[in-house]
Amino acid sequence: MIKDDCIFCKLANGVFPTNKIYEDEDFTVILDASPANKGHALILPKQHFDCLFKLDDEIAAKVLPLAKKIGAAIKVETKADGINIIQNNGAAAGQTVFHFHTHIVPRYDNDNVGFEWRQLTPDEDEQKELAEKLAKKLAGEN
């Protein structure tokens, strides 16, 4: 499905011009119009999915191999020192366009681009309890 009011649907499907670097039957990859660094790219599915949790499993299985391919090419071409692969889900997580997409961000030593977080010191009992609950849920035990 393609949403008429989704800018990323339009970009992925060629409605608006982009700096496209890759395309196949499922995805279009473009250079970000507001990049964090030179070479910052977006992997956009051609179909509309609001976020990871709505993503079709078949499309989901193709995202990481594509990110690997695109990231490797960007790293070589831009002479980046590293690559961030970022995928945000929900406003609280930094998602601003509600069409699933993956950022490929080249990183350079001392580039001052920030994707860091403060590290917490978790309560060990709370961690154990949460781990047990999640393991049961993932095993289908509710």
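## Reading a predicted chain

Of the 142 residues of the chain in this predicted model, 34% count as buried.

Reader: Which pattern of helices and strands does the chain follow along its sequence?

Author: The chain holds three helices and five strands, and its C-alpha trace spans about 50 × 40 × 25 Å along the principal axes. Writing α for a helix and β for a strand, and reading along the sequence, one finds the pattern α-β-β-β-α-β-β-α.

Reader: How many bridges join strand 1 to strand 2?

Author: Strand 1 covers residues 20–23 and strand 2 covers residues 27–31, and a hairpin of three residues leads from strand 1 to strand 2. Within this pair, E23 stands opposite T28, which belongs to strand 2. The two strands run antiparallel, and the number of bridges that join them is three.

Reader: How many disulfides does a search of the whole structure find?

Author: A disulfide is a covalent bond between the sulfur atoms of two cysteines, and here a pair must lie within 2.5 Å to be counted. The sulfur of C9 has its closest cysteine sulfur in C6, at 3.7 Å, which is too far for a bond. C51 is in no disulfide either, since the nearest cysteine sulfur, that of C6, is 13 Å away. For the whole structure, the search therefore gives a count of zero.

Reader: Is C9 buried or exposed, and what is the relative accessibility of C51?

Author: A residue counts as buried when its relative accessible area is under 20%. C9 has a relative accessible area of 1%, so this cysteine is buried. C51 also counts as buried, and its relative accessibility is 13%.

Reader: Which residue forms a salt bridge with K62 at a closest N and O distance of 2.6 Å, and which parts of the chain does that pair tie together?

Author: Side chains of opposite charge can pair when their charged atoms come close. K62 lies in helix 2, residues 57–78, whereas its partner lies in the loop between strand 1 and strand 2, so the pair ties together parts that are 36 residues apart in sequence. K62 counts as partly exposed at 31% relative accessibility, while the partner counts as buried at 13%. The residue that forms this salt bridge with K62 is D26.

Reader: How far apart are the closest N and O atoms in the salt bridge between E58 and K62?

Author: E58 and K62 are four residues apart in helix 2, so about one helical turn separates them. E58 is exposed, with a relative accessible area of 55%. The cut-off for a salt bridge is 4 Å, and the closest N and O atoms of E58 and K62 meet it at 3.9 Å.

Reader: How many salt bridges are there by this rule, and which residues are linked in a network?

Author: The count for the structure comes to six salt bridges. Among the residues that take part, the ones linked in a network of salt bridges are K20, E23 and K46.

Reader: Which residue forms a salt bridge with D111?

Author: The partner lies in strand 5, residues 102–107, and is buried, with a relative accessible area of 18%; D111 is buried as well. The closest N and O atoms of the salt bridge are 2.9 Å apart, and a polar contact of 2.9 Å also joins the two side chains. The residue paired with D111 is R107.

Reader: Which residue has a side chain joined to that of N37 by a polar contact of 2.7 Å?

Author: N37 is found in the loop between strand 2 and strand 3, the latter covering residues 41–45. N37 is buried, because its relative accessible area is 13%, under the cut-off of 20%. The side chain that makes the 2.7 Å polar contact with N37 belongs to D111.

Reader: Where is V15 found, and what accessible area does its nonpolar patch have?

Author: V15 is found in the loop between helix 1, residues 7–12, and strand 1. With a relative accessible area of 52%, V15 is exposed, since exposed means over 50%. V15 forms a nonpolar patch on the surface with I7 and F16, and together these residues have an accessible area of about 250 Å².

Key
Residues numbered from 1 in each chain as written. Predicted model: local features only at pLDDT ≥ 70, side-chain atom pairs only at ≥ 80, totals over all residues. Heavy atoms only, no water. Buried < 20%, exposed > 50% of the residue type's maximum accessible area, 1.4 Å probe, protein only. Salt bridge = Lys/Arg side-chain N within 4 Å of Asp/Glu carboxyl O. Pairing = 2+ DSSP bridges. Patch = residues over 30% accessible without salt bridge, like charges linked within 9 Å, V, L, I, M, F, W, Y side chains within 5 Å. Areas by Shrake-Rupley, 256 points an atom, 1.4 Å probe, with all protein chains shown as cover. Polar contact = N/O pair within 3.5 Å; in protein donor to acceptor, adjacent residues only side chain to side chain.
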